[in-house]
Amino acid sequence: MTRKLIHCDTIADYRGILASPGAVLLDGHNVVAAGSPEEIGATDLQPTRVRGMVIPPFANVHSHLDLSGVGIQPPEDSFVSWVEHTITPIRKMSSKEEVHAATDRGIEFALAGGTAMVGDIASTVAVAKQVHASVLRGVSFVEVFGLGSRETAAMDAIDSIPSPFGVSPHAPYSCGLDVFRKAFGTGKPVATHLAELPEEFEATMQGEGPLVAFSKKVGAWNDKVKKWNSHPIDALVTNLEHRKLITAHVNYIEDHHLEQLAKTNITVAFCPRASAYFGHTNHRYEEMHARGVSVALGTDSLICLDTPERISVVDEMRFLYKQGCRDASLLLRMATVNGAEALDEDPTLLTLEEGCVAGLLLLGSEGEATFDQAMQSTAPPTWILPLLSKKQVF
Ligand SMILES: [Zn+2]
């Protein structure tokens with residue numbers, strides 16, 4: 001193993017800012033010590049001096065890497081309009097080769113953003129295999145859709161998903177409750193979109209509204225669709241029992257959901273820039289965290305981001321910082337360990353605690369020295385310790 005001593009302006013992880021100036025003593029991918037240069041003390045090593053903040057790499061708990069082909073697209077007037085005019089044509093027009101190339105681009109952009117782990121929603125098993133074959137750790141969730149008379153086909157699709165992939169019933173307005181029950185019962189990792197928009201509640205509980213009108217237009221809504229008797233969060237929590245679930249967005253909750261979600265093994269995959277792109281404001285992530293709900297950061301697809309050449313939760317942290325969140329510990333916790341736990345990966349791989357780290361990132365190319373400067377910058381992270389291969393075990 002190669003021992004290395006790094007001196008930098010700041011070191012930080014999910015515990016917050018650990019030292020400024022900071023130092024990390026490494027033996028290969030093993031963190032021997034991290035703290036201030038005085039705490040590390042004298043060694044026989046000549047320190048490598050870098051300007052900027054050194055942090056562990058990220059977990060992006062909600063991405064759609066196979067949607068990285070067309071680049072950023074402007075928002076539409078409404079979610080339904082976006083589904084109809086942006087996403088549906090992309091899905092329909094893309095050949096298998098184009099989807100493969102888009103996924104490769106997504107993997108490349110995730111790595112350019114300092115990502116070590118992803119919770120990726122794959123449109124096909126082939127995409128899940130492609131992401132799994134990459135250096136990225138985490139889970140690929142194969143997406144399924146099925147309402148009413150189409151639920152049986154969705155459940156058959158769930159049965160055909162090979163290990164180690166997860167399953168993602170798309171959302172309560174596009175999958176019947178039995179499809180969710182089926183997914184929960186498989187023992188596979190499960191992810192979904194939940195409480196993303198008010199129209200979702202209108203569709204599931206009343207069978208009305210623009211999502212229903214659109215679903216009818218494309219033949220997804222049929223007369224066998226059953227209404228949900230309760231709010232989708234209540235219904236899923238009841239059927240989930242204590243199994244794990246990643247729920248993307250959760251933009252709209254009622255007060256009782258805070259306590260309810262805290263008692264579950266649900267991780268909320270908050271995608272701040274995607275929420276803003278679709279016009280959702282005032283996400284209650286800080287309140288959720290304070291009440292004991294696990295919140296992790298995701299990006300959603302490249303289509304709704306503002307960084308054309310990377311897919312990174314560092315830019316979600318920066319977005320929240322700009323909105324007033326100054327809590328380094330909370331931002332880094334949501335960007336690293338909470339995501340790792342949701343993905344059943346070892347969270348210590350994304351910390352500067354003694355032991356194996358998945359890699360190290362430097363935020364410093366624009367002269368950032370402090371956490372605040374790193375959050376105000378728009379520069380990409382740089383890998384100063386490359387991403388640990390999945391085959392390397394410590
Ligand atoms: Zn999504």
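# A walking tour of the model

Start by selecting strand 7 (residues 53-55) and strand 17 (residues 360-363): they run antiparallel and are joined by three bridges. Helices and strands here are DSSP runs (H or I, at least four residues, for helices; E, at least two, for strands), numbered from the N terminus. What you have open is a predicted model, in which local features need pLDDT of at least 70, side-chain atom pairs count only at pLDDT 80 or more, and totals for chains, interfaces and linings use all residues. Residues are numbered from 1 along each chain as its sequence is written.

**Stop 1: strand 17 and its partners**

Stay on the strand 7 pairing and pick Ile-55, which stands opposite Leu-361 in strand 17. Now add strand 18 (residues 382-385), which runs antiparallel to strand 17 and is joined to it by three bridges. Two strands count as paired if DSSP finds at least two bridges between them. Here, look for Leu-360 opposite Leu-385 of strand 18.

Next, show the side chains of strand 17. In a regular strand the side chains alternate between the two faces of the sheet. Which residues lie on each side of strand 17? Leu-360 and Leu-362 are on one side, Leu-361 and Leu-363 are on the other, and all are buried, so both faces are covered. A residue is called buried if 20 or more other C-beta atoms lie within 10 Å of its own, exposed if 12 or fewer, and partly exposed in between, with C-beta atoms placed from the backbone.

**Stop 2: the two domains**

Zoom out and colour the chain by domain: domain 1 is 1-56 + 351-394, and domain 2 is 58-347. These bounds come from an automatic or database domain assignment. The C-alpha centres of domain 1 and domain 2 lie 31 Å apart. How many residues of each domain are in contact with the other? There are 20 in domain 1 and 18 in domain 2, where contact requires C-beta atoms, placed from the backbone, within 7 Å.

To see the side of domain 1 that touches domain 2, select strand 2 (10-13), strand 3 and helix 16 (371-376), the elements that give two or more residues to it. By class, that side has 13 nonpolar, four polar and three charged residues. Ala, Val, Leu, Ile, Met, Phe, Trp, Tyr, Cys and Pro count as nonpolar, Asp, Glu, Lys and Arg as charged, and the others, Gly among them, as polar.

**Stop 3: the parallel sheet**

Move on to strands 12, 13, 14 and 15, an open sheet of four strands in the order 12-13-14-15 with parallel pairing. Strand 12 and strand 15 (294-297) are at the edges; each has a single partner strand, so one side of each has no neighbour in the sheet. From one strand to the next, the twist averages 30 degrees, taken between axes that are lines fitted to C-alpha atoms (for helices, over the stretch in contact), with angles from 0 to 180 degrees between N-to-C directions.

Focus on strand 12 and strand 13 (residues 244-249), which run parallel and are joined by four bridges. One pair to label is Leu-194 and its bridge partner in strand 13, His-249.

**Stop 4: along to helix 7**

Follow the chain out of strand 12 (191-194) to Ala-195, in the loop that leads to helix 7 (198-206). Ala-195 has a positive phi of about 50 degrees although it is not a glycine. Is Ala-195 buried or exposed? Ala-195 is buried, with 23 other C-beta atoms within 10 Å.

In helix 7 itself, select the buried residues Glu-200, Ala-203 and Thr-204. They cover an arc of only 85 degrees around the axis, which places them on the same side of helix 7; the arc is that of the directions from the helix axis to the C-beta atoms. Helix 8 (210-217) and helix 9 (232-240) are among what covers these residues. Just after helix 7, Gly-207 takes a positive phi of about 65 degrees.

**Stop 5: a last few residues**

Select His-257 in helix 10 (residues 256-262). His-257 is buried, with 20 other C-beta atoms within 10 Å. Its C-alpha atom is separated by 7.6 Å from that of Ile-233, 24 residues apart along the chain.

Then visit Asn-282, in the loop between helix 11 (272-277) and helix 12 (285-290). Asn-282 also has a positive phi, about 60 degrees, and is exposed, with 7 other C-beta atoms within 10 Å.

Finish with two cis peptide bonds. One runs from Ser-20 to Pro-21, with omega near 0 degrees, and the other joins Ser-163 and Pro-164, with omega about 5 degrees. Pro-21 is in the loop between strand 3 (16-19) and strand 4 (22-27), while Pro-164 is in the loop between helix 5 (151-159) and strand 11 (166-169).

Technical notes:
Contact = placed C-beta atoms within 7 Å.
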